[in-house]
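Me: I'd like a close look at one part of this protein: the open sheet and the helices that lie across it. Could you walk me through how that part is put together?

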Amino acid sequence: MNLWESFLDLLFPPKCPFCQRILEDPRALVCPDCQGELPWLQGAEALRAVEGLEGCLSPLAYRDRVPEAVRRYKFPGDPSCGAPFGRLMAQCARDSLREPVDLVTWTPLSRARKRKRGFDQAELLARTAAKELGLPVRPLLEKVRNNGPQSPLEDEAARRANVRGVYRLREEDLSGLRILLVDDVVTTGSTLGECGRLLRDAGAEAVWGLTLAQARKN
């Protein structure tokens, strides 16, 4: 930590992104209580099957304190959570991904929604995780239609229909690349699956998902 970062920590003490308590150790990602109580996913549990992907890795289950922390990050938007969340995701990828990847990308917001929020939450996670993993990050996708949010849609077919035709590629040739595709939460996997399909159609050899949390019916 440099002198400027130390000064900022004195002015704005870092907080645990899950409970908002001030961190006694500014280098920690979460407070000791959350470290012991959060629904961590270990080993095979961290890997979720998603159609169109090799699989999706997540360090946390989407329950307990996690949903509120994600909502705080996105609505109205607290970008300070992006760094600890992205670092947790990078740790998960480092521990669980057994195959090398070439680069990191993300499922993008529309321009209108990004302008309203002030940042793209998946992009911030992707850039943080890529830095931690020592990988390049590239914006391979763009959102061309501002569809309705996925969260109110419980039916899997409705979620798939809601994202169909919403994204398009920014690069046409991804031949042979192994890509890590980042989003905040995977529920049914519709958004990640649609983006993964586009990347594979452009020639990507493999696409892995990486999210902060995963929601499962069970």
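Reply:
**The sheet and its helices**

Of the contacts between residues at least 6 apart in sequence, 74% join residues at least 24 apart. Keep in mind that this is a predicted model. The protein has eight helices and ten strands, and 47% of its 218 residues are buried.

On to the sheet. Five strands make it up, it is open, and the order reads β1-β2-β9-β7-β4, with mixed pairing. The edges belong to β1 (47–48) and β4 (103–106); each has a single partner strand, so one side of each is left without a neighbour in the sheet.

Now take β7 (178–182). Five of the five residues of β7 are buried, so this strand is largely enclosed by the rest of the structure. Its side chains split by direction: R178, L180 and V182 point one way, I179 and L181 the other way, and all are buried. Note that R178 is in that buried set too.

What does β7 pair with? On one hand there is β4, joined to β7 in the parallel sense over four bridges, with T105 standing opposite L181. On the other hand there is β9, which runs parallel to β7 and is joined to it by five bridges. There, V182 has L210 as its bridge partner. L210 turns up again one strand pair along, since L57 stands opposite this β9 residue. That second pairing is between β2 (residues 55–57) and β9 (residues 206–210), which run parallel and are joined by three bridges.

Next, the helices. α8 (residues 190–201) lies across β2, β4, β7 and β9, and runs at about 155° to β7. α6 lies across β4, β7 and β9, running at about 170° to β4.

α6 has a helix partner as well. Helix α4 (residues 82–96) packs against α6 (residues 121–133) at an angle of about 50°, and the axes are 8 Å apart. The two helices are therefore oblique to each other, and their crossing is right-handed. From α4, the residues in this contact are G82, A83, F85, G86, R87, M89, A90, A93 and R94, and they meet L124, L125, T128, A129, E132 and L133 of α6. By type, the contact divides into nine nonpolar, three polar and three charged residues.

So, to trace the chain of neighbours once more: α4 packs with α6, α6 lies across β4, β7 and β9, and β7 pairs in parallel with β4 and with β9.

Terms used: Residues numbered from 1 in each chain as written. Predicted model: local features only at pLDDT ≥ 70, side-chain atom pairs only at ≥ 80, totals over all residues. Heavy atoms only, no water. Axes fitted to C-alpha atoms, helices over the stretch in contact; angles between N-to-C directions. Parallel < 35°, antiparallel > 145°, perpendicular 65-115°, else oblique. Left-handed = near helix turned anticlockwise from the far one by under 90°. Contact = heavy atoms within 4.5 Å. Nonpolar A, V, L, I, M, F, W, Y, C, P; charged D, E, K, R; others polar. Pairing = 2+ DSSP bridges. Buried < 20%, exposed > 50% of the residue type's maximum accessible area, 1.4 Å probe, protein only.
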